[in-house]
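Trainee: I am new to this structure and would like a close look at a single part of it, the aromatic rings and their surroundings. Could you take me through them with care?

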Amino acid sequence: MSKPTASLPTSVAYPKVRRMRFRFGQLEPIQRHFIEGNIVLSHLVALLSGGFPPGEESFIRSVRRFADEITDPALKKRVAGFIGQEAVHGNQHRVLNHQLIELGYLFVKVADFPKDSRREKTLVRAERLLPRHLHLALTAAAEHYTATMAQRVLSNEEIRAIPGDPEVWHLLDWHAFEELEHKSVAFDVFRAVDGSEETRILAMAVMYYGVIPFLSVAVIASILADRTAWHPITVTRQAIELFRGPVVRGLMKELRTYMVRDFHPDDIDTTALLEQWRLELFGTDGQLRDRVK
Ligand SMILES: [Fe+2]
Ligand SMILES: [Fe+2]
């Protein structure tokens with residue numbers, strides 16, 4: 001049985017859809033390596049941004065495959081919030097992606113294919129070959145992966161101290177915040193439609209063993225395609241720092257908790273962190289109040 005939504009604070013129970021409009025490059029042009037002086041992190045963030053729009057559209061489709069079976073009104077409302085938030089995430093990352101492509105990030109163009117493109121249709125056909133519970137379990141696992149990263153981004157002092165383009169940072173903070181707001185929605189849908197623990201854990205195993213090798217290859221390819229990034233000693237040092245530093249250090253151990261039977265994402269209490277960032281971003285003097293349409 002999933003945890004009763006009613007026991008959660010409203011901000012967590014019902015993810016709020018905020019129609020954002022970021023101003024990339026308007027105050028100052030985005031630098032090619034917009035995470036200051038860090039080629040590897042700039043390419044990693046660019047690739048993640050590239051992959052988010054089609055990825056999040058797939059997450060939405062995986063939940064919609066069960067739309068008729070979600071009967072609990074509270075869960076329905078949370079699903080509506082989840083779908084709305086993911087749609088705005090994809091849309092705002094696409095705005096950034098256009099600029100990244102103009103800056104020369106070739107692989108952002110590869111990762112972010114437009115709606116109704118041939119590649120999207122191929123992806124949709126491939127998804128349809130997956131059993132729908134497995135598709136949803138992969139979404140729930142990816143959501144836990146992103147929520148784990150989001151918690152780090154919002155709470156780790158070393159990560160917060162990384163200098164970068166301010167508007168890109170705003171986008172990442174807002175995205176991380178909303179990922180925490182809806183972190184258990186896909187998971188609760190999976191439980192509500194009788195998804196098995198075996199399928200749920202298998203899906204996380206795919207993410208656990210697959211994401212870092214896949215991203216590593218993608219980052220290497222992206223750097224090789226960027227003539228301005230051909231500084232092998234700097235790139236090697238930055239890659240080692242990335243794996244030893246606050247972004248990756250301890251990550252696998254944290255992710256493994258998801259593969260324990262009866263785990264629930266809300267077992268990790270992020271309500272205080274969410275409240276802190278809600279005030280920081282959208283409170284009276286919130287940093288992003290004027291980015292909400
Ligand atoms: Fe998202
Ligand atoms: Fe999400």
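Mentor: F24 counts as buried, because its relative accessibility of 3% falls under the 20% cut-off, and the model in which this value was computed is a predicted one. F22 is likewise on the buried side of that limit, with a relative accessible area of 4%. These two residues belong together in another way, since the rings of F22 and F24 form a stacked aromatic pair, with 5.8 Å from centre to centre and 25° between the planes. That angle counts as stacked because it lies under the 30 degrees set for this class. The pair is also part of a wider arrangement, in which ring pairs link F22, F24 and W174 into a cluster.

Another pair is made by Y208 and Y209, whose rings meet edge-to-face, at 4.9 Å from centre to centre and with 85° between the planes. Here the two partners fall into separate classes of accessibility: Y208 counts as buried at 10% relative accessibility, whereas Y209 is exposed, with a relative accessible area of 61%. Both pairs are included in a count that comes to seven aromatic pairs.

Rings can also be considered together with charged side chains. R18 lies over the face of F282, at 4.6 Å from the ring centre, while K77 is placed over the face of Y14, at 4.2 Å from the centre of that ring.

Definitions and conventions: Residues numbered from 1 in each chain as written. Chains lettered and ligands numbered in written order. Predicted model: local features only at pLDDT ≥ 70, side-chain atom pairs only at ≥ 80, totals over all residues. Heavy atoms only, no water. Phe/Tyr/Trp six-rings, centres within 6.5 Å; stacked < 30°, edge-to-face > 60°. Buried < 20%, exposed > 50% of the residue type's maximum accessible area, 1.4 Å probe, protein only. Lys NZ or Arg CZ within 6 Å of the ring centre and 35° of its normal.
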